[in-house]
Amino acid sequence: MDTTNSKLKILALGGAEVNRNMHVYETEKDIIIVDCGIGFPDENMPGIDVIIPDISYLKDKKQKIRAIFLTHGHQDHWGSLVYLLPSLPKVPVYGTKLTIGLASTKSDQERMKIDYREVDYKTPITVGDFTVDYIHVNHSVPDSANLVIHTPVGVIYHGSDFKFDWTPVDEAPADVQKIARAGSEGVLLMLEDCLRVEKSGYTPSEQKVQETFDQQIQKCKGKFIVTTTASSISRIQQAVNVAIKYGRKVVFAGRSMEQNAEAAIRLGFLKLPIDQIVSVDNARSHASQDLLILVTGAFGQGNSALARMANGDHKIKITEGDFVTFSQDPIPGTETSVDNLINSLIKTGAEVFYSSILDDLHVSGHESADGLKLMLNLVRPKYVLPIGGDLRQIKQYQKMVKTMGYKDEQIIVPYEGQIVEVTNGKVVVSGKTEVKNIMVDGLGIGDVGTIVLRDRITMAEDGIVMVLLPYEKATGEMVGDIDIVSRGFVYMKESDELIGEAKEVVRKILADRGKEIHNMGYLKRVLAEELERFFFTSTRRRPLILPVVMEI
Ligand SMILES: [Zn+2]
């Protein structure tokens, strides 16, 4: 193939940071997409369930899309399929057995038909200009892969989430021979998972956690409750192994935990005799010391099974003598929620264990600095592009690869909306496209903008004040008396004076300017501004002001 005029573009539609992984590889005539993940909201996004990638870039290129390739079974790599596939052409979605098993729990639940195609680690898949070869790596979910992508302009190594585990819990170690083979054939650019670059050395083996569970369960006289992410099948396996060893039955609590465990058992990735499992409904008929419970809520999610247990709102009650173990560290943005959940759990009388008070409760699924260097030496790419990290990890990665002899021009530093262009064996940054946070709040996709978020924050902090203005449609005049009601701002019964003064402010505006202002929208804005000023002067707070015109 004549590659002198060929060109490849690479973009991250989920932004440059940790989650919402979605990479586009685009040539003149074809596009493939690697991963299609969701992101999780931080505390500045109240009421938002998930954040999804922004696919506006693909709008007029849809006919070029040939396939989606999933790297592994974590939701931040496949969770957006159900949100985005309806607006994309019907293309095959490739992935390994467990990855597809986990992704289909969600699409089945949404009754969505997705053309999943299971891949093995032997047969490369060719679609249009691309040939994609899966390489087995270790991570916190089994059956994870890195991708070798053959393109008309050279070979790209897509090194998403990985670590090297020479003694993994339930699968083979990473296929270093195949990685090295790809490297010896010549890799132009490597995208590498940089999340844990700040830690020196190698990430320990996942197996370490089982020893901790084993020691803890021997001290536990009540229910042994473990929370972790529902896709961490290796972690779940270790808890299960300990349950079997000490003769405890296993309960899976929380929808995603139940669904993932069911899928992993069915596909042979979670080894657990069926008669060892007890349903949430039947848990009460067993003595506390005979149960090990695996539950969702490791990130402190307010509606999770663990949060409901902590607040006495679940069929399983947590009581004194129970152990609750967080076998997962908070991800950025979830620290406060996790702290709150730990506090509520302590109030139940249970013993609560988490990383800052007990070692080896969690082992990262991401490789540390020395492991990243090992990977680089196996793949030996001409150019590198760190992915999956925040700015500080990207900076650290830059420093690390420089110590290995990489020059500035060989290191592509990612940023939001960046377009990387590969031509004639050269990789450069060629431009930028706009990539927004698309927020899903359970009701709709992308209809929550910054204004809605700001309103939610204002309401949560300072409450809301509604001004009710009766208006006679026939005459176009304000009639009757105005009313002011509030929620979460001041206790109305004790604030007669304040509310009376506020009504006076409204009456004055209507008397002075009501005749001139014909536009209701404008009148509402004036009222809101004046009242905001008034309330701030008298209370130092800024409630959300909502003038409501009632036609009578
Ligand atoms: Zn992952």
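The following legends describe close-up views of a predicted model.

**View 1. The zinc ion and its protein donors.**
Four side chains supply the protein donors of the zinc ion: His 72 through NE2, His 74 through ND1, His 139 through NE2 and Asp 161 through OD. These donors lie 2.1 to 2.3 Å from the metal. Angles of 91 to 164° are subtended by the four donor atoms, which makes the arrangement around the zinc ion irregular. A tetrahedral assignment would require all angles to lie between 85 and 135 degrees. Along the chain, the donors follow the spacing H-x1-H-x64-H-x21-D. Distant parts of the chain are linked by the pair His 74 and Asp 161, which are 87 residues apart. His 74 belongs to the loop between β5 (65–69) and α1 (75–78), and Asp 161 to the loop between β11 and α4. His 74 is buried, with a relative accessible area of 11%, and Asp 161 is likewise buried, at 7%.

**View 2. The annotated active-site residues, Asp 193 and His 366.**
An unreviewed UniProt entry places the feature "active site" at Asp 193 and His 366. The two residues span 174 residues in sequence, yet their C-alpha atoms are no more than 7.5 Å apart, so they gather at one spot. Asp 193 is located in strand β12 and is buried, with a relative accessible area of 1%. A polar atom of the Asp 193 side chain lies 3.3 Å from the backbone nitrogen of Leu 195. Beyond its sequence neighbours within four places, Asp 193 touches several residues, including Gly 159, Asp 161, His 366 and Leu 372. His 366 is found in the loop between β17 and α10 and is also buried, with a relative accessible area of 14%. Among the residues in contact with His 366, leaving aside those within four places in sequence, are the zinc donors His 139 and Asp 161. Asp 193, Leu 195 and Thr 203 are further contacts of His 366.

**View 3. The annotated binding-site segment in the loop before α10.**
The UniProt annotation "binding site", from an unreviewed entry, covers His 362, Val 363, Ser 364, Gly 365 and His 366. His 362 lies in the loop between β17 (351–353) and α10. The side chains of His 362 and Arg 235 are joined by a polar contact of 3.0 Å. Apart from neighbours within four places in sequence, the contacts of His 362 include Val 209, Ser 327, Asp 329 and Ser 355. Gly 365 is placed in the loop between β17 and α10 and counts as buried at 4% relative accessibility. Not counting residues up to four places away in sequence, Gly 365 touches Asn 138, His 139, Ser 140, Phe 162 and Lys 163. One of these, His 139, is a donor of the zinc ion.

**View 4. Thr 203 and its polar partners.**
Thr 203 is situated in the loop between β12 (189–193) and α5 (208–219). At 5% relative accessibility, Thr 203 counts as buried. A polar atom of its side chain lies 2.6 Å from the backbone oxygen of His 366. The Thr 203 side chain also makes a polar contact of 3.5 Å with the side chain of Arg 196. With neighbours within four places in sequence set aside, Thr 203 contacts Val 363, Ser 364 and His 366, among others. These three residues are covered by the UniProt "binding site" annotation. Lys 163 and Phe 164 are also in contact with Thr 203.

**View 5. The buried face of helix α4.**
Helix α4 (residues 176–184) has Lys 178, Ile 179, Ala 182 and Gly 183 as its buried residues. Seen down the helix axis, these residues fall within an arc of 145°, so they line one face of α4. Gln 177 and Ser 184, on the other side of α4, are exposed. The buried residues pack against β9 (130–137), β10 (144–151), β11 (154–159) and α10 (369–379). Following α4 is Gly 186, whose phi is positive, near 100°.

**View 6. The surroundings of Met 309.**
Met 309 lies in helix α8 (residues 305–310) and counts as buried at 2% relative accessibility. Setting aside neighbours within four places in sequence, Met 309 contacts Ala 253, Ile 293, Val 295, His 314, Ile 316 and Ile 318. Met 309 and Gly 159 are 39 Å apart in space, C-alpha to C-alpha, and 150 residues apart in sequence.

Definitions and conventions. Residues are numbered from 1 along each chain as its sequence is written. This is a predicted model: local features need pLDDT of at least 70, side-chain atom pairs count only at pLDDT 80 or more; totals for chains, interfaces and linings use all residues. Side-chain values use heavy atoms; hydrogens and water are left out. Buried means under 20% relative accessible area, exposed over 50%, partly exposed in between (1.4 Å probe, protein chains only). Helices (H or I, at least four residues) and strands (E, at least two) are DSSP runs, numbered from the N terminus. The arc is that of the directions from the helix axis to the C-beta atoms. Contact means heavy atoms within 4.5 Å. Donors are N, O and S atoms within 2.8 Å of the metal (3.2 Å for Na, K and Ca); water is not among the atoms, so sites may look incomplete. Four donors count as tetrahedral if all angles lie between 85 and 135 degrees; four count as square planar and six as octahedral if opposite donors are over 155 degrees apart and all others between 65 and 115; anything else is irregular. UniProt positions are given in the numbering used here, feature names are shortened, and annotations may be inferred rather than shown by experiment. A polar contact is a pair of N or O atoms within 3.5 Å; within protein, one must be able to donate a hydrogen and the other to accept it, and residues adjacent in sequence count only if both atoms are side-chain atoms.
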